[in-house]
Amino acid sequence: MKTRITELFGIEHPIIQGGMHYVGFAELAAAVSNAGGLGIITGLTQKTPQDLANEIARCKDMTDKPFGVNVTFLPVVNAPDYPGIIKVIIDGGVKVVETAGNNPVEYLPALKEAGIKVIHKCTAVRHALKAQKIGCDAVSVDGFECGGHPGEDDIPNMILLPRAADELDIPFVSSGGMADARSLVASLAMGAEGMNMGTRFLATKEAPVHDNVKQAILEATELDTRLVMRPLRNTERVLNNPAVERILATEKAKGRELEFGDIAGEVAGVYPRVMLDGEVDCGAWSCGMVAGLINDIPTCEELISRIMADAEHMIRQRLSGMLQG
Ligand SMILES: Cc1cc2nc3c(=O)[nH]c(=O)nc-3n(C[C@H](O)[C@H](O)[C@H](O)COP(=O)(O)O)c2cc1C
């Protein structure tokens with residue numbers, strides 16, 4: 001399939017694996033890229049720029065296809081070494097950067113100068129337009145369904161994607177709630193040029209996370225996610241578990257008095273314990289409503305090939321058959 005996104009990134013299929021903390025290691029990024037999609041290493045999971053440089057080098061050993069690095073700009077006082085991170089991305093010859101969170105404008109000139117394509121992840125049309133204005137090459141439009149941070153507007157993709165299509169000139173991919181060929185074909189119909197998946201790629205053979213995480217996703221239905229940190233305007237969609245229930249109870253009890261410190265114990269620093277040690281109930285970790293559509297743990301190659309074959313069948317047979325009827 002050829003779209004503006006496959007052309008922009010030099011990939012075979014219009015499928016991107018979004019950055020995921022403690023999931024987006026070289027193994028997963030390389031597996032997605034080798035399967036013809038765009039794999040993405042999560043920059044902030046690496047403790048130092050040098051660690052990220054090593055991870056980029058490991059990924060290059062595993063694939064000669066394009067892959068990207070996610071740089072999430074966090075609203076924190078003690079910011080990570082962003083200049084150092086950008087430098088190793090450029091020096092490492094990475095072709096694509098997925099930015100997320102705060103406005104990446106400060107780093108765009110250096111990335112563009114190095115010929116790196118930038119796709120910014122946004123949860124609102126106004127943010128997508130801003131990304132377009134500052135020179136991003138594409139955007140990833142993340143609906144309310146998404147795992148992770150859906151923003152505060154709560155607009156699901158059935159509305160958000162056509163709205164983005166109405167406003168944007170640069171290409172965009174759908175993100176949030178995407179799992180299969182139905183997601184891809186619907187996204188294309190709504191004006192996207194491809195799709196980005198997080199939770200679906202978490203439940204693949206190559207995702208280098210503990211099996212408990214994959215099993216938890218298989219067992220979850222579309223009813224099993226919750227929104228935490230809403231009162232702090234830093235909403236995160238996570239898989240429900242006893243720790244999440246405690247966080248929500250604290251949020252309710254504290255009301256407007258809630259401070260991050262009240263819930264930090266079960267929100268901050270839990271990813272290594274969840275993803276690497278399999279302690280899935282120790283705190284809040286991102287998961288999309290799309291868990292309700294995930295019933296197997298394929299390889300990335302099986303997943304992407306299945307999506308593309310089913311999408312072709314759906315377009316050629318089911319949809320064009322309706323026209324002939
Ligand atoms: C476990 C997990 C961790 C994530 N970590 C990040 C992250 O560090 N940075 C980021 O920009 N997005 C992160 N995301 C969001 C994904 O990149 C993607 O936008 C989202 O998962 C799409 O929604 P879906 O899960 O319904 O596919 C994460 C998502 C998950 C499920």
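**Overall fold, helix packing and the ligand shell**

For a chain of 325 residues, a compact globule would come out with a radius of gyration near 20 Å, and the chain has 19 Å, so the two agree. The model is a predicted one. Laid along the principal axes, the C-alpha atoms of the chain fit a box of roughly 60 × 50 × 35 Å. Of the 325 residues, 47% count as buried. The secondary structure adds up to 14 helices and ten strands. As for how the chain folds back on itself, take the contacts between residues at least 6 apart in sequence: 63% of these join residues at least 24 apart.

The ligand comes next. Its surroundings are made up of 30 residues, and the closest are Gly18, Ala100, Gly147, Gly198 and Gly288. Three elements give two or more residues to this shell, namely strand S3 (67–73), strand S8 (195–197) and helix H9 (199–202). Of the contributors, H9 gives the most, with three residues. Sorted by class, the shell around the ligand holds 16 polar residues, ten nonpolar ones and four charged ones.

Two helix pairs are worth a look. In one of them, helix H2 (residues 26–34) packs on helix H3 (residues 49–62) at an angle of about 35°, and the axes run 9 Å apart. The crossing of this pair is right-handed. On the H2 side the contact is built from Ala26, Ala29 and Ala30, which meet Glu55, Arg58, Cys59 and Met62 of H3. That makes five nonpolar and two charged residues in the contact of H2 with H3, with no polar ones.

The other pair is helix H6 (residues 125–134) with helix H7 (residues 157–167). Here the packing angle is about 35° and the axes of H6 and H7 lie 10 Å apart. H6 goes past H7 in a right-handed crossing. Val125, Ala128 and Leu129 are the H6 residues involved, and they meet Arg163, Ala164 and Glu167 from H7. The contact of H6 with H7 comprises four nonpolar and two charged residues, and again no polar ones.

Some loop residues also deserve a mention, beginning with backbone angles. Most residues other than glycine have a negative phi. Tyr22 has a positive one, near 60°. Tyr22 sits in the loop between strand S1 (15–17) and H2, and with 19 other C-beta atoms within 10 Å it counts as partly exposed, because the cut-off for buried is 20 or more. Asp154 has a positive phi as well, near 60°, and is found in the loop that runs between strand S6 (138–142) and H7. Asp154 has 11 other C-beta atoms within 10 Å and is therefore exposed. So each of the two helix pairs described above has a member, H2 in one case and H7 in the other, that borders a loop holding one of these residues, as the definition of helices and strands sets the loop limits.

Finally, there is Ala268, in the loop between helix H12 (260–263) and helix H13 (271–276). Ala268 is exposed, since just 12 other C-beta atoms fall within 10 Å and exposed residues have 12 or fewer. Between the C-alpha atoms of Ala268 and Lys65 there is a separation of 34 Å, with their positions 203 residues apart along the chain.

Key. Residues are numbered from 1 along each chain as its sequence is written. This is a predicted model: local features need pLDDT of at least 70, side-chain atom pairs count only at pLDDT 80 or more; totals for chains, interfaces and linings use all residues. A residue is near a molecule or strand if its C-beta atom, placed from the backbone, lies within 6 Å of it. Helices (H or I, at least four residues) and strands (E, at least two) are DSSP runs, numbered from the N terminus. Ala, Val, Leu, Ile, Met, Phe, Trp, Tyr, Cys and Pro count as nonpolar, Asp, Glu, Lys and Arg as charged, and the others, Gly among them, as polar. Axes are lines fitted to C-alpha atoms, for helices over the stretch in contact, and angles run from 0 to 180 degrees between N-to-C directions. A crossing is left-handed if the near helix is turned anticlockwise from the far one by less than a right angle, and right-handed if clockwise. Two residues are in contact if their C-beta atoms, placed from the backbone, lie within 7 Å. The radius of gyration is taken over C-alpha atoms; the globule rule is 2.2 Å times the number of residues to the power 0.38.
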